[in-house]
Amino acid sequence: MTKTTFYNFTLFDGTGDTEDTDSWMTIDDETGKIIDKGKGDAPQSDQSIDLEQQFVMPGFINVHCHITSHPDMFNGGGDESETESAIFALQSLRQLLKSGVTFVRECGTRYDIDIKLKRMMDNGSLTHVPNLLPSGRAFSMTGGHGDGPHSAYLVDSPDEMRKSVRQNLKNGAKIIKMMATGGVMTPNDYMEDPQLSVEEMRAGILEAHHKGLKVAAHAEGNPGIQNAIDAGVDSIEHGFYVTEDEAQQMIDKGIFLTPTLNAELAIPEEGTGILPDWEVAKAQNAIDDTYNNLKKAFKMGVKFTCGTDAGTPFNGFDKTPRECELLTRVGMSPAEAYRCSSINSATLCGIQEERGTLEIGKFADFQVLREDPLADVKAVQQEDKAVYLNGKREF
Ligand SMILES: [Zn+2]
């Protein structure tokens, strides 16, 4: 076994609210896991790396991405061939990694490309990309949110849902994404439109849970959020109009909330005059309500995760650091925002034993920053940060 020791840095390990100055951490080069860490004089190692008093924190886990969707094409790139989409997906993954994201949960991928890429990662033929939890295509009703070319299973009964979820799991999906409401990006549906029914969602959720896998529901307004809770989902995605009553149910049932704030903000911020007026208006109208509702939910104790919905208009694959800043606008400290993007997201993905904090026994997925991330949440937006995956430098 050869070992590498990093030393002379301040560590935010993601377990609490504080940092440790003058830290060191030793990685087993073969497994990429942290085998020892401490403060002060570092032990002898095969290789020693001086981090020159910079700041180390866990890599981000982004739990809501669409690696085949184009943020700069207003149809999301829906007319692309599978080859074009696959190449774009690779570029997306590299961009995510460069921004500090070391683990990605997909929430709907065209042509099931994430499942195919994950297979290549597992057999070692695809490297230098973040780890991936693939969703395959999302589940939508006919004409519902996400009903686009090669991007969704269209299901219109519990039986159709059951069969399609079984097929997706057979293909290799490790998380199921369902559309419980309309959304911002589709012209003929609205956030308050309920879409898949409780019965339809429940049939698919049962199948996923039988395999120990989680289900995420796109649910922006009501009654769809309540429908998703009633059906038994594991996370509410967006949740812009979550009520206090729903927040309490989510706390009681351990349901996570992924607010995807940058997705919502990017449309009015950058899309005015470019995107259709109806789309800008839909997003703008929701923003004030969103922050009010989410502030309440966070204060009550709902567990938040970090996802950007990367791939939606003007919402590229480098926005996870910005999402942390937006999470502080919901009333979080920087440390709380980073825990959303690390341990909370790891727990939602079921990888909390191996990733999500920088503790002994876990993979050394981390980023190195010049400025103190606890003092300023914008410190993580540093563009030339160093990013390590399994203890190896990628950027
Ligand atoms: Zn999405």
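At what angle do the axes of helix α9 (residues 320-328) and α10 cross, and within what distance do they come? They cross at roughly 130° and come within 9 Å. Angles over 145 degrees count as roughly antiparallel and 65 to 115 as roughly perpendicular, with the rest above 35 oblique, so α9 is oblique to α10. The crossing of α9 past α10 is right-handed. This is a predicted model.

**The helix pair**

Contacts between the two helices involve Cys324, Leu327 and Thr328 in α9. They meet Pro334, Ala337, Tyr338, Cys340 and Ser341 in α10. Two packed helices are described by the angle between their axes and the distance between the axes.

**The parallel sheet**

An open sheet is built from 3 strands in the order β5-β6-β7, with parallel pairing. Its edge strands are β5 (60-65) and β7 (131-133), each paired on one side only. On average, neighbouring strands in this sheet are turned by 20° against each other, direction ignored. Helix α10 (residues 334-349) packs on the sheet and touches β5, β6 and β7. The direction of α10 makes about 65° with that of β5. Strand β6 (residues 101-106) is joined to β7 by 3 bridges. Arginine 105 has leucine 133 in β7 as its bridge partner.

**The zinc site**

Three residues supply the protein donors of the zinc ion: His64 (NE2), His66 (NE2) and Asp309 (OD). These donors lie 2.1 Å from the zinc ion. Their spacing in sequence is H-x1-H-x242-D. Histidine 64 and histidine 66 are both buried.

**The antiparallel strands**

Strand β15 (residues 386-389) pairs with β14 and with β16, as tabulated here.

| Strand joined to β15 | Bridges | Direction | Bridge partner of tyrosine 388 |
|---|---|---|---|
| β14 (residues 366-369) | 3 bridges | antiparallel | phenylalanine 366 |
| β16 (residues 392-393) | 2 bridges | antiparallel | arginine 393 |

Tyrosine 388 thus has a bridge partner in β14, phenylalanine 366, and another in β16, arginine 393. In a regular strand the side chains alternate between the two faces of the sheet. In β15, Ala386 and Tyr388 point one way, while Val387 and Leu389 point the other way. All of these β15 residues are buried.

β15 and β16 form a hairpin with 2 residues between them. Asparagine 390 sits in the turn and has a positive phi of about 50°.

Methods. Residues are numbered from 1 along each chain as its sequence is written. This is a predicted model: local features need pLDDT of at least 70, side-chain atom pairs count only at pLDDT 80 or more; totals for chains, interfaces and linings use all residues. Side-chain values use heavy atoms; hydrogens and water are left out. Two strands pair if DSSP finds at least two bridges between them. Helices (H or I, at least four residues) and strands (E, at least two) are DSSP runs, numbered from the N terminus. Axes are lines fitted to C-alpha atoms, for helices over the stretch in contact, and angles run from 0 to 180 degrees between N-to-C directions. Contact means heavy atoms within 4.5 Å. Donors are N, O and S atoms within 2.8 Å of the metal (3.2 Å for Na, K and Ca); water is not among the atoms, so sites may look incomplete. Buried means under 20% relative accessible area, exposed over 50%, partly exposed in between (1.4 Å probe, protein chains only). A crossing is left-handed if the near helix is turned anticlockwise from the far one by less than a right angle, and right-handed if clockwise.
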